[in-house]
Amino acid sequence: MKIINFILAACICVSLSSCDLVKPEGIVNPNVDEDTYLNTPNAMETWVNGTEKSFAQAVGTFCLHTEIMTDNYFNNYTRESKVFDIPQLLYTDPDIATLQRYVGNLRESADYGIDKVQKHDTNTTRPQLFKLYYIKAYSYILAGENFRALPVTTGGEPKTWNEQLQLALQTLDKALEYAESDTDKAFIHTLKARSYYRLGDADKAIEEAQSSLNLSDNFIVQVTFDGDNGISNAMQDDIWGTMYQPLPRLDFLDPKYFQLTSTDQKPICIAKAEENYLILAEADLAKSRLSDAKSRLAKLISLVKTRPIQHNLNDQLEGRYNGGFKHYPNSADYVVAASKDDAYRTGLVLDRRAPNLISVPTVSGTSVTEDMVRACTTVDSALELTYLMRQEIFIAEGRRLADLGIRLPISEVEAAGKPSSAPYTQALIPAFIPLEQGMDAFDMDDTTHRVTIRYNMNRVIVENKATEYVAPFFNKP
């Protein structure tokens, strides 16, 4: 695959409006070659613009596909994959190839800007290099959190998920050299904490998470989209419409992305201060410091309460059914239990029927209260709440798959002709993951207005915390 040539063409086509690649009479030249492009004024600005566009689309597409592989969302229509909900994750699936291609394209695009464009454009700025380095690092994070292994060079041998995260850490160190604001630095330290967290290195994760909070205890970094120019949030379309339905206990958080005008496209968080509190709380629990963990979670709840909420949102067309495969609760009369062994809770399902308007969090939300945190008397009970908060705070951000320990296979196209890829052509789905759409299953009684989720996956995570797949601070290699 000629990834660099593909990206070069794409970036030039997307970004012509912000550069000078035009003939004197104002007609765009369709035959600009690489040398011409590299010697054009503001070549780096154009390249970074195109790379940022690809980055936003990659993040949106990862959300679109990975969220339905988990217990967060069920694809209630046929437009997107109907096997990811099972989850059936085959290396022949073109959607898995698409996700892998995004990882490779981001890495190659960032490298081309750093290694090639920078040498030709003397106007290259530190913020531009900062963006390219963190996008490259994020490509490794996407690979390390979601795949069993992927190559890190075009046509190269596969590198395992933990090797990908080590490369992310090395690249984040380079990005940190170009970070200028406290928010930029907090952002990079959070991505480092996230990488160390997944690697199970509690001490390093604690150090990075605390460094981030010392710089900013409420920062948010998002990728943005441009509806005026057709750069869309892929996840928004399916959750603002009626295609994806959230697990009923997550109904109050949906839709995180919605459309108020014909071109309105909501951003997606790629890092926020909440993650550092979650990492620190889990590290405390792994060290049996229950009181400290509860204090962290209480502070986290206070932060979540400060995050923006969209009030008076008209979601009356949703209906939670509208001819889909499964009927979902659509009234606040319904109470929801996380499993048959859990108590029924109110307030988890919103009433979207006319004339009601709803309020939904746009950055972070949680159903966990200070009283629930105070009531925890064991490490396991607090750990379950921590994972519930991770699920709720990161919903629709493509983060749940890694928490469940599920990893995607290397794609058939990449594996072809590489014997070293053979061990990674099967998805990793831990034995404790319910199959046949079990993670999305629930029983609903329209008479009593009770909804009972089949599996409380946060408890399943806790019950399996000693395995190599989940709760990385609790298991040792």
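The largest cavity holds about 80 Å³ of space, so let's start there, keeping in mind that this is a predicted model. A search of the whole structure turns up two cavities of 30 Å³ or more.

What lines the largest cavity? Its walls come from Val 59, Phe 62, Cys 63, Tyr 138, Leu 142, Glu 145, Asn 146, Arg 194, Glu 397, Gly 398 and Arg 399. Two elements, α3 (43-66) and α5 (126-146), each give two or more residues to that lining. If you want to find the main contributor on your screen, look at α5, which supplies the largest share with four residues. Sorted by class, the lining has five nonpolar, two polar and four charged residues.

Now to the second largest cavity, with a volume of about 40 Å³. Around this one you will find Tyr 138, Arg 194, Cys 269, Ile 270, Ala 271, Lys 272, Glu 275, Phe 394, Glu 397 and Arg 399. Some of those names should sound familiar: Tyr 138, Arg 194, Glu 397 and Arg 399 also line the largest cavity. Which element gives the most here? That is strand β6, residues 268-272, with four residues. The class count for this lining is five nonpolar, no polar and five charged.

From cavities, let's move on to pockets. The largest pocket has a volume of about 500 Å³. Its lining has 21 residues, and the closest to the centre are Trp 161, Arg 198, Arg 407, Glu 468 and Asn 475. Here the elements giving two or more residues are α6 (161-178) and α7 (182-199). In terms of class, this lining divides into ten nonpolar, five polar and six charged residues.

Next, a helix: α13, residues 379-393. How far apart should its ends be? With 15 residues at 1.5 Å a residue, α13 should span 21 Å, and the end C-alpha atoms are indeed 21 Å apart, so the two values agree. Is α13 mostly covered or mostly open? Mostly covered, since twelve of its 15 residues are buried, and "buried" here means under 20% relative accessible area. The buried set runs from Ala 382 to Ile 393 and includes charged side chains as well, among them Glu 384, Arg 390 and Glu 392.

Let's turn to a sheet. Strands of a sheet pair through backbone hydrogen bonds, either parallel or antiparallel. In this model, three strands form an open sheet in the order β8-β11-β10, with mixed pairing. At the edges sit β8 (335-337) and β10 (442-445), each pairing on one side only. From one strand to the next, the twist averages 15 degrees. How many bridges join β10 to β11, residues 450-453? There are four, and the two strands run antiparallel. To see the pairing for yourself, pick out Met 444, which stands opposite Val 451 in β11.

I'll finish with a single residue, Ser 367. Where is it? Ser 367 lies in the loop between β9 (358-361) and α12 (370-374). Is Ser 367 buried or exposed? Its relative accessibility is 11%, and because the cut-off for buried is under 20%, Ser 367 counts as buried. One last distance for you: His 189 is 178 residues away from Ser 367 along the chain, and their C-alpha atoms are separated by 27 Å.

Notes
Residues numbered from 1 in each chain as written. Predicted model: local features only at pLDDT ≥ 70, side-chain atom pairs only at ≥ 80, totals over all residues. Heavy atoms only, no water. 1 Å grid on protein atoms, 1.4 Å probe; cavity = no way out; pocket = protein on both sides within 12 Å on 5 of 7 lines; lining within 4 Å. Points joined across faces, edges and corners; volume = space filled by probe spheres on them. Expected span 1.5 Å × (residues − 1). Buried < 20%, exposed > 50% of the residue type's maximum accessible area, 1.4 Å probe, protein only. Pairing = 2+ DSSP bridges. Axes fitted to C-alpha atoms, helices over the stretch in contact; angles between N-to-C directions.
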